[in-house]
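Open the model in your viewer and keep the sequence panel visible. The stops below say what to select and what is there.

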Amino acid sequence: MSRHITKLGWLIIITIGVLFLTGMNQFIHSGPKQAANQSERKTNIQPIEQIPSKYPEIPLMLDTKKTDTYHLAIQVPTTKSETINNEVYQWINKQKQDFKKKLKEDTSTDTDLPSLQLTLDEQKVTDNYYTLQFTGEGATEHHISKVFNIDIDNDRFITINDVLNMNDDTLQTIQQKAKEALKREENTSITDEQLVETLTINPEQWNWSIDENGLTLYMDVAGESESNNLEKLNIPLDELYLNLNDKIDTIIDMSKEQKQEMEQAIQEEQERIQQAEKEDQTADDHGKYVALTFDDGPSKEVTPRILDILSQHGAVATFFMLGSQVEYYPDIAKQVADAGHEIGNHTQNHKDLTTLDPDAIHREIIDSGAKIQHATGIRPHLFRPPYGAYDDDTMNDAINNENSLILWSIDSLDWQSRNAARVNREIQSKIRSGAIVLMHDIHPSTADALPELLSTLEEQGYQFVTVSELLELQGENGVGPHYGFVG
Ligand code: NI
């Protein structure tokens, strides 16, 4: 037992000695990098050898260790930013842990000494933006790659969101551009576009860098191909102008020409969006329609005036005529039909049909229909009950005689107000595409209201259609009560 303690004692003494020597070594190499070395101790990194660095502002250390079972050789950057150093060292330590874990699991009889080798390639993008690109080999067939984008003056990492307006559109654009970049590559171990898509699906996991030449994506295709190289796909900056963050020129050094090109591209895109919106609006306008209807005519004074105004606007409407009125003015009824308007049946004598028995209802409708057909040559198939009042008997009669029962969605209240301005106001306050508007071609005030009504609706993009056309546009048929669009 005592011999074991002695062994342990020696081990402690040797360990203290090694720690002391390492500390001395750090002291010798420390100089202005005191802060960085403190964080190295915290994260258990012990670089024992300074090696040449591309940039004096980022000194490089080599962390090496050789045992009977493995070999470590890791290039460790030391910036003046402790925040940056800590995160980089944490990542390095994670690689070490993974490597040692894999060693324990590895049961292969490979005679080569397993090694973890991480090589660093630094690139200066601007005065304060650098990329740190680690590549290396871990345990058996374990390929490692990592790119850090660091802003050493501002003590921070540059994220992909600092560089791109990251959203679904941008992601799709990047994936598409990466595939195009793949087509330009001659020597690549990326075998197909699907792999590019798989490797770029999660921006959080991208290894990337950016400069005035474009965005570079580093693809780790180990396991996917024979190559251990980190494949690069470069997307030129001018293909990304619309996806770049507004503040991109604070990160990379864009030329004056590039800034102008980017502004122009953004302006053109805004114009394109405005144009598309305008076209959408036009399409919407094209699809807006309204059915104007006139009841209780034809009348000697008002109906011809209304025909004139409709004709001036090239508008069609639907006239629900009373048989009794058609008897008085068959020529006017004929004029309405000849002008291309639709004619509906409003019964013979304008009685409340819900007060009548089925035979009387039938006669009211049939008599009027016959008068209309006699005067115009057209048998009406639209039917509007007086006062909008109907019951099952009315409905059954409509069904049996193939009449569609048509009500309205907007009452102009022209029968009540007898005032052109109010008629306009009433309709304007309720107008929607697909509306059926109730008016009467027996009140002069309704004819007075019409020029302004038609002009305003035209300006708003409405098309005037007959009730049958409206039903067709709405994909409706049959006889059940039609109210137009009741929003
Ligand atoms: Ni009526």
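The expected span of a helix is 1.5 Å times one less than its number of residues. Helices here are DSSP runs of H or I of at least four residues, strands are DSSP runs of E of at least two, and both are numbered from the N terminus. This is a predicted model, in which local features need pLDDT of at least 70 and side-chain atom pairs count only at pLDDT 80 or more, while totals for chains, interfaces and linings use all residues. Residues are numbered from 1 along each chain as its sequence is written, and side-chain values use heavy atoms, with hydrogens and water left out.

**Whole chain**

Start with everything shown. The chain holds 16 helices and 18 strands. Of its 487 residues, 46% are buried; buried means under 20% relative accessible area, exposed over 50%, and partly exposed in between, with a 1.4 Å probe and protein chains only. A contact is a pair of heavy atoms within 4.5 Å. Among contacts between residues at least 6 apart in sequence, 63% join residues at least 24 apart.

**Helix α11**

Select residues 358–376. This is helix α11, with 19 residues; from first C-alpha to last it reaches 27 Å, close to the 27 Å expected at 1.5 Å a residue. Now colour its buried residues: Ala-360, Ile-361, Glu-364, Ile-365, Ser-368, Gly-369, Ile-372, Ala-375 and Thr-376. They lie on the same side of α11 because they cover an arc of only 165° around the axis, the arc being that of the directions from the helix axis to the C-beta atoms. Asp-359, Arg-363 and His-374, on the other side of α11, are exposed.

What do the buried residues of α11 pack against? Their partners are β12 (318–321), α9 (323–328), α10, β13 (342–345), β14 (382–383) and α12 (392–400).

Look at both ends as well. At the start of α11, a side-chain oxygen of Asp-357 comes to within 3.1 Å of the backbone nitrogen of Asp-359. Gly-377, just after α11, has a positive phi of about 85°.

**Ile-332 in α10**

Go next to Ile-332, in helix α10 (residues 330–338). Its relative accessible area is 9%, so Ile-332 is buried. Neighbours within four places in sequence aside, Ile-332 touches Pro-298, Ser-299, Lys-300, Thr-303 and Pro-304. Measure from Ile-332 to Lys-300 in the viewer: they are 32 residues apart along the chain, and 7.5 Å separates their C-alpha atoms.

**Nickel ion**

Select the nickel ion. Which residues coordinate the nickel ion? Asp-296 (OD), His-346 (NE2) and His-350 (NE2) do, at 2.1 Å. Donors are N, O and S atoms within 2.8 Å of the metal (3.2 Å for Na, K and Ca); water is not among the atoms, so sites may look incomplete. Along the chain the donors follow the spacing D-x49-H-x3-H. His-346 is buried at 2% relative accessibility, and His-350 is buried at 19%.

**Thr-446 in α15**

Move to Thr-446, in helix α15 (residues 444–459). Thr-446 is buried, with 0% relative accessibility. Beyond its neighbours within four places in sequence, Thr-446 contacts Phe-294, Asp-414, Met-439 and His-440. The side chain of Thr-446 reaches the backbone oxygen of His-440 at 3.4 Å.

**The sheet**

Finish with an open sheet of 7 strands, ordered β1-β2-β3-β4-β5-β6-β7, with mixed pairing. Two strands pair if DSSP finds at least two bridges between them. At the edges, β1 (49–51) and β7 (156–157) each pair on one side only. Strands β2 (residues 60–66) and β3 (residues 71–77) run antiparallel and are joined by 7 bridges. Within this sheet, Leu-60 stands opposite Pro-77 in β3.

Methods: Polar contact = N/O pair within 3.5 Å; in protein donor to acceptor, adjacent residues only side chain to side chain.
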